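Good morning, and thank you for the time to present. Please look at the sequence and the structure, which I will now show.

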Amino acid sequence: MPGLMTPARSGPARDRKQPCDHGDNAPVPSKSEKEAYCIDWELNDPENPRNWRIAYKGWLTLQLGMLAFASSLGSSIISPANNAISRYAHVSPEVATLSLSLYVLGFAFGPLLWGPVWGRKTSLLPAMFCLGLFSIGTATSKTATAIFITRFFGGLFGSAPVSNVSAALGDIWAPRARGTAVTFYAVCVTGGPTLGPVIGSSLTVSHLGWRWTEYIEAIWVFTISIVGVFALPELYAPVLLKRKAIRLRKTTGTQAYWHPHEDVRLDFKSIVTKQISRPMRMLFTEPMVTCIAFYASFVYGILYLTLAVFPIVFEEIRGWKLIISTLPFLGLLVGVLCAMAINLTNQPRYMRIVDQNGGRPVPEARLPPMLVGGVLMVIGLFWFGWTALPPHHWVLPVIACAFIGAGFNIIFQQCINFLVDTYTLYAASAVAANTFLRSLLASGFPLVARPMFYNLGVGPAMSILGAIACLALPVPLLFMKYELRLRKMSKFAPVEDD
């Protein structure tokens, strides 16, 4: 049978070069003679997702990226319908903005629940089907309360890909190639919020109306989820190794084979202590997670702030029609796509550093592009703030949007890469902590946009955000200097001695 370890090879672990993979949720067993029969990947093991064919891994990456795109698209596709919902539900435009903010707020709490204890596939697909159902619920809602509740739960279930996809890419791609895969993932995550308003505005002004923004979201979610049911295999190493141990016991008759993930039980206590408390503990006790999360949260909040600021600038002040007023979001998307060049340019350099490190990930090598992204973000914020209003030509703030999009994508991707490289087996928990904080900020930014920009003005309001972005510029420099020392102090970030 392909991939089946024979007893001679899978028995005593003296020839194995990797420690037993305990996983993100598995208890660490005490050292004993049992450890000799702990199942682990062998060299070039065909069952290890990292050893699958490049073309097949590319197909899996596409599926994972589309799941992330479907989730992020749901956050913004309804934003152009803000005024339509305000009129329909008899609430103010500020209150109607909750249809956006509550969805993103669901992103904050969902990743604490959708851990990979049953595997990546099980953590992703059932939650996505629920997102589709709640999207239909929003589309059929009759009151503002129903709209807001269904949007929150849509975000809660839709958050599953946001935290699991980046970790799943770590399951199938070795550190040398992971950056390229995460580049595609980052484009999918940012492509949703930037394309959503354009799609949503076209539906809102058509005879279909605002409800079809949610029907289209549900159709896309169900489509990609059904594809995943049949075409997406399990990727999480502890689950695969657990299955391998069970199979070996049956085929060889030797009951000594085991894997720590077999002892994992999902009950209320484990949910609290591992699914919820571990990401929170990492957020508040791991300086690397805390700093990266705050930086990523700020730029992520800027992205969602634009969903409220662009209508003020282009629709209300410049007087553009609804569909035309959403086209500057394509400027953000152009910046996101241009940022791919910078991220991919760093890959050969990163590969050389990994090779020099014996094939082990080097998190600090991910940081130089983050500095470039921070500078682009600062330029874009100040540029947009002081050219957004007439008599300045409309093309000037649209070009500034490209700088904002490029800066965001570079920072966002390198933050994800850094966390996955640093925390490896605990990557899902680290990303969940990051997602929790950034979603909290992103849910609040659209709510403060109108009061802030109307009271202060576009220029001063954007200048405040630009000043905060300036203060964050030294973050990658500090990590480049102190990252190894912080990793050695960490309880979750492994450091292998040469």
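Let me begin with a question: does R120 count as buried or exposed? Please bear in mind that this is a predicted model. R120 has a relative accessibility of 5%. Residues under 20% are called buried, and therefore R120 counts as buried. This arginine belongs to helix α6, which covers residues 120-139. Apart from residues up to four places away in sequence, R120 touches N164, A167, A168, D171, E234, L235, Y236 and A428.

Now to the protein in general. The protein contains 20 helices and zero strands. It has 498 residues, and 58% of them count as buried. If we take the contacts with a separation of 6 or more, 81% of them are between residues 24 or more positions apart.

A second example of a buried residue is T213. This threonine is found in helix α10, residues 211-231. Its relative accessibility is 0%, so T213 counts as buried. Which residues is T213 in contact with, leaving aside its neighbours within four places in sequence? They are I77, I78, G200, L203 and T204. T213 can also be compared with G74: the two are 139 residues apart in sequence, while their C-alpha atoms are 8.6 Å apart in space.

I turn next to helix α3, which comprises residues 82-89. Its buried residues are N82, A84, I85, S86 and A89. What covers these buried residues? The cover includes α4 (93-96), α5 (98-109), α7 (144-158) and α9 (175-205). Just after α3 comes H90, which takes a positive phi of about 60°.

Helix α9 brings us to the packing of two helices. The axes of α9 and α13 are 10 Å apart, and the angle between them is about 10°. Angles under 35 degrees count as roughly parallel, and α9 and α13 are therefore roughly parallel to each other. At this contact, P193, T194 and P197 of α9 meet L303, Y304 and L307 of α13. Sorted by class, the contact has five nonpolar residues, one polar residue and no charged residues.

The last topic is the aromatic rings. A pair of aromatic rings is described by the distance of the centres and the angle of the planes. The structure holds 23 aromatic pairs. One of them is formed by Y300 and F408, with 6.3 Å from centre to centre and 35° between the planes, and this pair is tilted. Where do the two partners lie in the chain? Y300 is in helix α13 (residues 287-317) and F408 is in helix α17 (residues 395-423), so that the pair links distant parts of the chain, 108 residues apart. Both Y300 and F408 are buried.

Y300 has a further partner of another kind: R438 lies over the face of its ring, at 4.7 Å from the ring centre. A similar arrangement can be shown for R366, which lies over the face of Y350 at 3.6 Å from the ring centre. Finally, ring pairs join F310, F314, W320, F329, F384 and W394 into a cluster.

To close, I return to the opening question: R120, at 5% relative accessibility, counts as buried. Thank you for your attention.

Conventions. Residues numbered from 1 in each chain as written. Predicted model: local features only at pLDDT ≥ 70, side-chain atom pairs only at ≥ 80, totals over all residues. Heavy atoms only, no water. Buried < 20%, exposed > 50% of the residue type's maximum accessible area, 1.4 Å probe, protein only. Helix = DSSP H or I, 4+ residues; strand = E, 2+ residues; numbered from the N terminus. Contact = heavy atoms within 4.5 Å. Phe/Tyr/Trp six-rings, centres within 6.5 Å; stacked < 30°, edge-to-face > 60°. Lys NZ or Arg CZ within 6 Å of the ring centre and 35° of its normal. Axes fitted to C-alpha atoms, helices over the stretch in contact; angles between N-to-C directions. Parallel < 35°, antiparallel > 145°, perpendicular 65-115°, else oblique. Nonpolar A, V, L, I, M, F, W, Y, C, P; charged D, E, K, R; others polar.
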